[in-house]
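Student: I should like to work through this structure by question and answer, beginning with the contact between the chains.

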Amino acid sequence: MTLEQVIFILVSFLTLGTGIVVVTNRNLFHAALAMMASFLGVAGLYILLDAGFLAAAQLLVYIGAISILIIFAIMLTRRMMQAREASFNSQSGLGLFTAVATFALLAAVIGQFWWGVDAFNGRPDVPDTVLQNTVSSLGKAFVSPEAYVVPFIVASVLLLAALIGAIYVAWPTVHAEDEA
Amino acid sequence: MSFNIGEFISSIFDLTAGDYLASVWGTEPWVSVVLDILGILIVATIPLLSVFFVGLIERKVLARMQDRIGPNRVGGKYGLLQMFADVVKMLTKELLVPAGADKVAYFLAPILSLATSALLFAVVPFAPGVIGTNLGVGVFYVLSISSVSVVALLLAGWGSNNKYALLGAFRAVAQLVSYEVPMILSLLVPIILASSMSTMEIVEAQAIPFVIFAPISALIFFVSSLAETGRSPFDLLEAESEIVAGFHTEYSGMVFGLFMAAEYMGIMFMCFLFSTTYLGGYRFFGLEEIVVGNGFQLGRLLGLFITIFKGALVFFVFMWLRATLPRLRIDQLLNFNWKFMVPLMLMILLTVALLDRLILDYIPQVGDAGRAGIHLVSNIIIGLAGIEVLRRSARRQRQRHNTTSTVLAVAENEGAPIFVAAEVEPAYGHDDHGHDAHAPVPAH
């Protein structure tokens with residue numbers, strides 16, 4: 001076993017183990033912490049795949065923003081101090097179906113790409129210069145007409161609409177100002 | 001090649017010990033693993049140890065500015081061993097865990113805090129070729145790691161089962177998340193100017209330091225880095241007149257020490273980051289490229305000293321502000337951020353991006369100096385315009401304030417830009433007590 005495989009196994013255990021804790025722990029706050037650790041493991045997997053930018057984005061978005069949002073939501077809900085919610089409900093049949101279906105879908109998608117590549121003998125050799133310049137390639141792909149400029153702009157418009165909507169909702173009405 | 005103790009010592013002094021050991025030990029796989037582990041230990045340990053000196057220096061300088069002497073007994077003349085004595089004291093103190101504390105969160109918080117601070121140093125370019133790891137996404141890495149440190153504060157506040165700690169943590173998160181925005185925007189300016197995210201390449205691109213290209217955005221970065229590290233005048237995270245000590249109210253002994261070490265490491269890192277992105281890092285008129293004798297790279301050693309000197313300079317301004325400025329209120333803090341710094345920084349960012357592209361595409365013959373000059377002029381114009389807009393809105397606010405004098409407090413709390421609000425009613429909570437708030441003399 002190479003060192004990389006050892007690290008891969010450790011990181012995978014971190015991701016999956018904490019993932020199990022997320023769904024089984026009865027303390028919501030601890031579940032959220034475990035979810036952060038799971039996200040950290042996913043970032044580790046990205047680093048093993050030489051996707052440094054994706055790993056940093058994973059940390060920034062999932063741990064730095066989404067997890068904090070979730071923790072705030074847990075803290076601000078009513079029964080936060082007890083934190084003894086039941087962790088299972090009676091929909092196990094539906095849950096099992098969803099899990100199997102998701103697994104099948106993922107397996108089908110991955111399998112399409114899998115059999116062409118020798119998945120168990122390391123990665124294909126990518127020159128270091130390409131890996132160093134992932135950010136600039138990403139940037140070019142986002143604005144190039146042949147690549148992803150349309151989805152990129154659609155996403156930007158969506159975000160802009162959300163921003164304007166948020167400002168509109170939060171804007172104090174004239175009436176409220178008079179009262180103040 | 002066999003091991004030669006003289007060459008090894010010489011390689012330590014021109015900071016090529018890693019290369020030397022690699023050439024002695026050969027190319028077996030374990031060599032790179034051992035060298036990597038050694039490198040990690042060095043990069044993580046030296047900042048931690050330098051907390052001893054940084055803490056002492058801060059206490060001495062603050063004392064001088066406040067007309068005191070500061071620590072002067074322990075370790076001979078200048079209180080040199082004061083911090084060691086404090087650490088020994090903290091180590092011997094009992095770890096008190098408050099009743100009802102969430103133990104997982106309570107003990108995870110200081111560890112996470114220190115770990116994130118230590119991780120940041122991986123991308124500081126200390127000298128030419130001397131960097132923990134030259135990531136292609138260096139600056140982005142910094143931002144993502146420092147966003148994780150927010151989680152540590154939240155854990156500490158929540159885990160302590162203490163209202164003051166929780167309020168402190170909420171404040172801290174509001175402040176850190178808000179000031180992250182102008183910090184990210186102002187870090188994008190050097191990225192655009194250097195057209196790279198790697199800290200090393202940003203330094204290499206600064207034949208003329210970026211502070212000359214964009215002084216206003218450098219200033220905004222400086223202010224938001226003050227807020228990100230929770231330094232005065234933005235030290236609301238631990239405003240002891242209001243919330244005891246903020247998120248670390250319930251921590252004692254060495255667990256508190258970990259928080260303190262993390263805080264100082266964060267401050268040191270911010271100083272280094274400022275000098276890396278805006279002051280030219282290890283570059284100083286080609287001093288960093290000197291090679292003497294038979295290949296001894298004196299320049300690398302000099303580069304290390306230049307980095308430390310520039311970082312220390314920034315740190316001195318940090319201390320200076322702490323000794324002089326009173327603390328802001330939370331509404332002033334957030335208003336200043338969202339209503340002044342973020343819009344101004346957005347304008348600067350747009351202009352810099354557009355101008356730089358135009359200069360590089362159409363008039364590349366102006367060279368580096370011309371490019372710097374054009375950016376400087378545009379930056380100053382935007383800065384002045386921003387201050388003018390601020391002044392006008394302040395005047396409007398004041399007029400409204402005078403006409404409706406009955407709602408005095410409301411008008412002041414409502415979006416008055418910070419300069420004005422500070423003129424009308426001085427902020428309370430002046431940090432004027434004798435020793436500093438987070439000196440290693442924990443009051444708890």
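**Interface, fold and salt bridges**

Student: How many salt bridges are there between chain A and chain B?
Tutor: This is a predicted model, and local features are considered with its confidence in view. A salt bridge requires a side-chain nitrogen of Lys or Arg within 4 Å of a carboxyl oxygen of Asp or Glu. Between chain A and chain B, the number of such pairs is zero.

Student: What share of the area buried between chain A and chain B do carbon and sulfur atoms give?
Tutor: The contact draws on 23 residues from chain A and 27 residues from chain B. Residue pairs in polar contact, with both at pLDDT 80 or more, number zero between the two chains. The buried area is about 2,100 Å², and the share given by carbon and sulfur atoms is 83%.

Student: Which element gives the largest share of the side of chain A that touches chain B?
Tutor: The residues of this side divide into 18 nonpolar, five polar and no charged. The elements that give two or more residues to it are helix H2 (28-48) and helix H3 (52-76) of chain A. The largest share, twelve residues, comes from H3(A).

Student: What percentage of the residues in chain B is buried?
Tutor: Chain B is built with 17 helices and zero strands. Of its contacts between residues at least 6 apart in sequence, 75% join residues at least 24 apart. Among the 444 residues of chain B, the buried portion is 52%.

Student: What distance separates the C-alpha atoms of Gly246(B) and Tyr164(B)?
Tutor: Gly246(B) lies in the loop between helix H11 (240-243) and helix H12 (253-277) of chain B. Because its relative accessible area is 0%, Gly246(B) is buried. Beyond its sequence neighbours up to four places away, Gly246(B) touches residues including Ala165(B), Gly168(B) and Tyr164(B). Gly246(B) and Tyr164(B) are 82 residues apart along the chain, yet their C-alpha atoms are separated by 6.0 Å.

Student: Is Ser186(B) buried or exposed?
Tutor: Ser186(B) is found in helix H7 (residues 163-194) of chain B. Leaving aside neighbours within four places in sequence, its contacts include Ser217(B), Phe221(B), Tyr278(B) and Met345(B). Because its relative accessibility is 0%, Ser186(B) counts as buried.

Student: Which residue meets Asp86(B) in a salt bridge?
Tutor: Asp86(B) is in helix H4 (residues 82-92) of chain B, and its partner, 27 residues apart, is in helix H3 (residues 29-65) of chain B. Asp86(B) counts as buried at 6% relative accessibility, and its partner is also buried, with a relative accessible area of 11%. The N to O distance is 3.0 Å, and the partner is Arg59(B).

Student: Why are Arg357(B) and Asp361(B) separated by about one helical turn?
Tutor: The side chains of Arg357(B) and Asp361(B) meet in a salt bridge of 3.2 Å, N to O. At 49% relative accessibility, Arg357(B) counts as partly exposed, as does Asp361(B) at 45%. The separation is about one helical turn because the two residues, both in helix H14 (residues 330-362) of chain B, are four residues apart.

Student: Which residues do salt bridges that share partners join into one network with Glu388(B)?
Tutor: Glu388(B) is partly exposed, with a relative accessible area of 30%. Its side chain meets that of Arg392(B) in a salt bridge of 3.4 Å, N to O. Salt bridges that share partners join Glu388(B) into one network with Arg391(B) and Arg392(B).

Terms used
Residues numbered from 1 in each chain as written. Chains lettered and ligands numbered in written order. Predicted model: local features only at pLDDT ≥ 70, side-chain atom pairs only at ≥ 80, totals over all residues. Heavy atoms only, no water. Contact = heavy atoms within 4.5 Å. Buried area = accessible area lost by both parts, 1.4 Å probe. Polar contact = N/O pair within 3.5 Å; in protein donor to acceptor, adjacent residues only side chain to side chain. Nonpolar A, V, L, I, M, F, W, Y, C, P; charged D, E, K, R; others polar. Buried < 20%, exposed > 50% of the residue type's maximum accessible area, 1.4 Å probe, protein only.
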